[in-house]
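Here are my notes on this one, written so you can follow along with the viewer open. Take the points in order and find each residue as you go.

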Amino acid sequence: MRNLIAPELGELDRESITYITLVAERVGPLPAPPPNGAGEVAQTLRRINEEVGFGRLAPAAAGKQLVDEAKSIVARG
């Protein structure tokens with residue numbers, strides 16, 4: 001497909017195609033997308049970490065809370 005459209009492109013676009021072709025031979029497939037809720041779990045972790053850091057929550061309680069909230073987030077899908 002690249003070879004088919006290259007003659008119709010400008011110099012910069014042809015250079016881009018050359019670069020993409022060169023790089024494509026040296027990289028692997030994209031990683032799988034993160035599971036549903038991954039961003040929300042990360043925000044939850046950050047929030048609970050701050051609670052521990054500011055002394056408002058004990059580490060053991062924070063661990064339990066994180067697991068409970070993460071399970072709930074993942075279960076929602």
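1. Start with E51. Is E51 buried, partly exposed or exposed? E51 has a relative accessibility of 25%, so E51 counts as partly exposed. Keep in mind throughout that this is a predicted model. The side chain of E51 meets the side chain of R56 in a salt bridge, with 3.3 Å from N to O. R56 is exposed, at a relative accessible area of 54%. The cut-off for exposed is over 50%, so R56 passes it with its 54%.

2. Now for salt bridges in general. How many does a search of the whole structure find? The search turns up four salt bridges. I go through some of them here, and the pair E51 and R56 was one.

3. Next, look at R47 and E69. Their side chains form a salt bridge at 2.4 Å, N to O. Why does this pair deserve a look? R47 sits in helix α3 and E69 in helix α4, so the salt bridge ties together parts that are 22 residues apart in sequence. R47 is partly exposed, with 36% relative accessible area. E69 is also partly exposed, with a relative accessibility of 24%.

4. Compare that with K64 and D68. These two side chains meet in a salt bridge as well, at 2.8 Å from N to O. Here, though, both residues belong to helix α4, and they are four residues apart, about one turn of the helix. K64 counts as exposed, its relative accessibility being 54%. D68 has 38% and counts as partly exposed.

5. Let's stay with helix α4. What is its length in residues, and what does it span? α4 has 18 residues, and its first and last C-alpha atoms are 26 Å apart, which is close to the 26 Å expected at 1.5 Å a residue. The residues in question are 59–76. Just after α4 comes G77, which takes a positive phi of about 80°.

6. Which residues of α4 are buried? They are A62, A70 and I73. These buried residues cover an arc of only 65° around the axis, which means they lie on the same side of α4. On the other side, A60, K64, K71 and A75 are exposed. So if you turn the helix about its axis in your viewer, look for the buried side with its arc of 65°. Part of what covers the buried residues is α3, residues 38–53.

7. That brings us to α3. This helix has 16 residues and reaches 22 Å from first C-alpha to last, close to the 22 Å expected at 1.5 Å a residue. Just after α3, G55 has a positive phi of about 75°.

8. T44 is a good residue to click on in α3. Is T44 buried or exposed? Its relative accessibility is 7%, so T44 counts as buried. The cut-off for buried is under 20%. If you leave aside neighbours within four places in sequence, T44 is in contact with L66, E69 and I73. You have already met two of those names: E69 in the salt bridge with R47, and I73 among the buried residues of α4.

9. Then there is V67, found in helix α4. V67 is partly exposed, with 43% relative accessibility. Where is V67 relative to L45? The two are 22 residues apart in sequence, and their C-alpha atoms are 9.5 Å apart in space.

10. Finally, go to the other end of the numbering. M1 is placed in the segment before α1, which covers residues 2–5. M1 is exposed, with a relative accessible area of 73%. Together with L4 and I5, M1 makes a nonpolar surface patch of about 360 Å². A little further on, L9 is in the loop between α1 and α2, where α2 is residues 11–24. L9 is partly exposed at 25% relative accessibility. Apart from neighbours within four places in sequence, L9 is in contact with R14 and I17.

Terms used
Residues numbered from 1 in each chain as written. Predicted model: local features only at pLDDT ≥ 70, side-chain atom pairs only at ≥ 80, totals over all residues. Heavy atoms only, no water. Patch = residues over 30% accessible without salt bridge, like charges linked within 9 Å, V, L, I, M, F, W, Y side chains within 5 Å. Areas by Shrake-Rupley, 256 points an atom, 1.4 Å probe, with all protein chains shown as cover. Helix = DSSP H or I, 4+ residues; strand = E, 2+ residues; numbered from the N terminus. Buried < 20%, exposed > 50% of the residue type's maximum accessible area, 1.4 Å probe, protein only. Expected span 1.5 Å × (residues − 1). Arc of directions from axis to C-beta. Contact = heavy atoms within 4.5 Å.
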